Every structure is written in C-alpha cells, then in structure tokens.
Amino acid sequence: MKPGIYTLLTFFTLAAWAQPDTDKSYLNQKPPGMIPEIFAPGVVSLTTQHEFGSVFSRDGKEFFYGVVVDRKAEIRHMKLDGEKWTLPGTLLSSDKYSFNDPFLSPDEKRLYFISDIPFDGVSEKKDYDIWYIEKTNDNWSMPQKVGRPVNSTKNEYYISFTEHGTLYFSSNVNAPEDNRNNFDIYSAANKAGEFMEPEKMSDSINTRHYEADVFVAYDESYLIFCGDRPEGYGRGDLYISFKDQDGTWTKAKNMGSEINSEDHELCPFVSKDGKYLFYTRNKDIYWADAGIIERFR
C-alpha cells in the first residue's frame with residue numbers, strides 16, 4: 001500500500017474566541033513561563049499517544065507534529081481558520097512506513113520530514129532518510145526524496161533550516177560498526193536550490209556519543225540538540241551552543257534541570273517569533289518561554 005497523503009478537511013473546531021490570557025497563534029493556550037509546561041494538554045499532548053517533533057508556521061496559523069500510532073509515526077496538522085483552530089487531522093500516514101520530525105522550509109512551500117520509505121518504494125525498509133512534500137494551492141504533493149549528498153545508506157534524523165536555507169540534520173553515516181548509535185550533527189549549504197556536501201560539525205558539538213535532533217536558530221546564532229552523554233540527567237538531554245563572532249561554535253552546554261529530567265528530552269524547536277521553546281519529554285510536547293535560552297549565552 002502506498003503511503004497515504006490527505007488534504008486536511010476538518011469540520012469541527014477546537015476553540016472559539018481566544019481569552020485575554022491566551023495566545024491565539026498557539027492554539028489559544030495560556031503562554032508558559034520559564035518553567036516548561038505540557039503544550040495543549042488533551043488536544044495535542046494526549047496520555048494515549050506519543051508526540052514527537054513539532055513546528056509552527058511563521059505566522060503561527062499552522063501547526064505540524066508527529067504522533068506514534070500502532071508503532072508507526074504519522075504527521076498531523078492543525079490550522080487557524082478565522083478565529084478558530086481545526087482539530088488535528090492526519091497529513092502523512094501509512095500502514096507500513098513512518099513519517100516524523102516535520103519542519104517547514106524557509107519559504108514554507110515545502111514540509112520536510114524523515115521517513116523509512118525505501119527509495120524505490122517497494123523494498124523492505126532499512127533506514128531513515130529526509131523527504132519533503134510540496135504545497136500547491138491547498139494540496140500537497142506525493143513525498144519527494146531529498147537524495148544525495150544529504151541522504152546516505154545510514155540514518156538521517158530531524159531537520160531544521162537557517163533563513164538562508166542551510167540544512168542542519170543528524171546522521172550515523174560515519175558511526176563505527178561497534179557503536180551505530182553514534183549520531184553526529186551536520187550542515188549542508190543550499191546553493192541555487194541544491195544542497196551541497198554535508199559538513200560534520202566540530203567537536204564543540206559532536207562527541208563519540210549520541211548527538212541528534214538539532215534545531216538551528218534562523219539567524220544561525222545558536223543551536224539546540226539532543227545529546228545522550230554520561231553526564232546527562234536521563235536518556236537524552238537538550239544541549240545548546242552559540243556561534244561566536246569569528247564563526248566558531250561554543251562548547252555545547254547541558255540546558256540543566258529546568259529543561260532536562262530523568263526522562264528523554266528531544267525534538268527542540270523555537271517559534272519564528274522567538275517567543276517559545278518547544279520540545280518533547282516523556283511522550284508529550286512541552287513548551288517554555290524562549291527567554292530561558294539567554295541564561296546560557
């Protein structure tokens with residue numbers, strides 16, 4: 001069965017008028033402070049499912065996120081229709097393959113994601129690669145593979161972009177056979193619509209441990225990623241690094257107990273208005289005031 005792609009047609013709405021203490025651009029939710037809170041409990045973050053990566057559009061009127069259903073991930077979509085948000089609808093799903101880690105291109109004409117679809121569409125699934133769908137009017141195209149030099153015969157995870165189109169992602173393409181979980185973070189410049197050869201980031205970011213799920217600021221001034229290191233709080237923590245004036249990256253710092261816990265923290269995203277930090281913890285999406293980022297600068 002081919003992966004299903006569905007134009008979102010929702011006939012029920014979530015909420016009516018936003019109250020004074022809520023943010024209409026963020027599902028009419030009450031904005032969080034510096035202490036992370038579960039995002040949209042009972043609507044997006046449900047106890048009966050596992051939510052992963054998420055992204056809002058630049059204008060805050062569309063929301064995409066990943067959900068695990070029957071051990072396969074699918075991508076869901078919500079939209080602000082006038083003053084009301086639609087209920088979550090399924091955008092990408094399949095009875096055989098997974099779709100996860102949605103992220104919009106800088107011009108928001110493409111939705112990038114990762115999937116274990118084989119390149120020929122019929123072979124057995126082997127690894128995760130980066131794909132995209134393209135928006136035409138109110139419809140989306142069939143999945144298109146990014147291809148080489150970004151994708152490889154190993155795994156490529158998560159996607160984020162700078163405002164100039166440089167792609168940041170992680171891969172275990174160079175991991176030793178005895179440590180296949182040694183994912184590293186890479187960047188690939190975009191020239192005339194084509195991705196250049198990926199460059200592995202320096203040892204201020206990458207180690208012999210796990211580094212993945214990287215979010216890069218749109219002005220490329222900082223990046224946040226998931227690292228699984230011996231000194232961490234749990235199975236995976238969020239780390240942050242800032243770019244110096246000379247273009248080098250500072251040694252990544254653990255974001256501490258305010259963000260991290262004994263659970264797994266992953267899939268960071270900062271809204272384009274710079275207001276909120278989103279990430280996943282213990283199978284739910286959390287958010288916090290993005291001002292917390294300045295504490296680590």
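Tyr218 is a buried residue, with a relative accessible area of 17%, which puts this side chain under the 20% cut-off for buried. The model it belongs to is a predicted one. Tyr218 has a ring partner, Phe215: the two ring centres are 5.8 Å apart and the planes stand at 80 degrees, so this pair is edge-to-face. Phe215 is buried too, with a relative accessible area of just 1%.

That pair is one of 35 aromatic pairs that turn up in a search of the whole structure. A pair of aromatic rings is described by two things, the distance of the centres and the angle of the planes. Take Tyr222 and Phe242 as another example: their centres are 6.2 Å apart, with 55 degrees between the planes, and the pair is tilted. Tyr222 sits in strand S20 (residues 222-228) and Phe242 in strand S21 (residues 237-242), so this contact ties together parts of the chain that are 20 residues apart in sequence. Tyr222 and Phe242 are both buried.

Rings also meet charged side chains here. Arg229 lies over the face of Tyr239, at 4.5 Å from the ring centre. Arg110 does the same kind of thing with Tyr132, lying over the face of that ring at 3.9 Å from the centre.

Arg110 has a second contact to its name. Side chains of opposite charge can pair when their charged atoms come close. Arg110 and Glu134 meet in a salt bridge, at 3.3 Å from N to O. Glu134 lies in strand S10 (residues 129-136) and Arg110 in strand S9, so the pair ties together parts that are 24 residues apart in sequence. How accessible are these two partners? Glu134 counts as partly exposed at 31% relative accessibility, and Arg110 counts as partly exposed at 25%.

In total, the count comes to 10 salt bridges. Among them is the one between Glu108 and Lys272, at 3.0 Å from N to O. Here Glu108 lies in the loop between strand S8 (99-104) and strand S9 (110-115), while Lys272 lies in the loop between strand S23 (265-270) and strand S24 (276-281), so the bridge ties together parts that are 164 residues apart in sequence. Lys272 is buried, at a relative accessible area of 19%.

Lys200 and Asp184 form another salt bridge, with their closest N and O atoms 3.3 Å apart. This one links distant parts of the chain, 16 residues apart: Lys200 is in strand S18 (residues 199-200) and Asp184 is in strand S15 (residues 184-188). The two ends have their own surroundings: Asp184 is buried, with a relative accessible area of 3%, whereas Lys200 counts as partly exposed at 45%.

Strands S15 and S18 also show up in a sheet. Strands of a sheet pair through backbone hydrogen bonds, either parallel or antiparallel. This sheet is an open one of 4 strands, in the order S13-S14-S15-S18, and the pairing is antiparallel. Which strands sit at the edges? They are S13 (156-161) and S18, each of which pairs on one side only. So what joins S13 to its neighbour, S14 (residues 167-171)? The two run antiparallel and are joined by 4 bridges. For Ser160, the bridge partner in S14 is Tyr168.

Terms used
Residues numbered from 1 in each chain as written. Predicted model: local features only at pLDDT ≥ 70, side-chain atom pairs only at ≥ 80, totals over all residues. Heavy atoms only, no water. Salt bridge = Lys/Arg side-chain N within 4 Å of Asp/Glu carboxyl O. Buried < 20%, exposed > 50% of the residue type's maximum accessible area, 1.4 Å probe, protein only. Phe/Tyr/Trp six-rings, centres within 6.5 Å; stacked < 30°, edge-to-face > 60°. Lys NZ or Arg CZ within 6 Å of the ring centre and 35° of its normal. Pairing = 2+ DSSP bridges.
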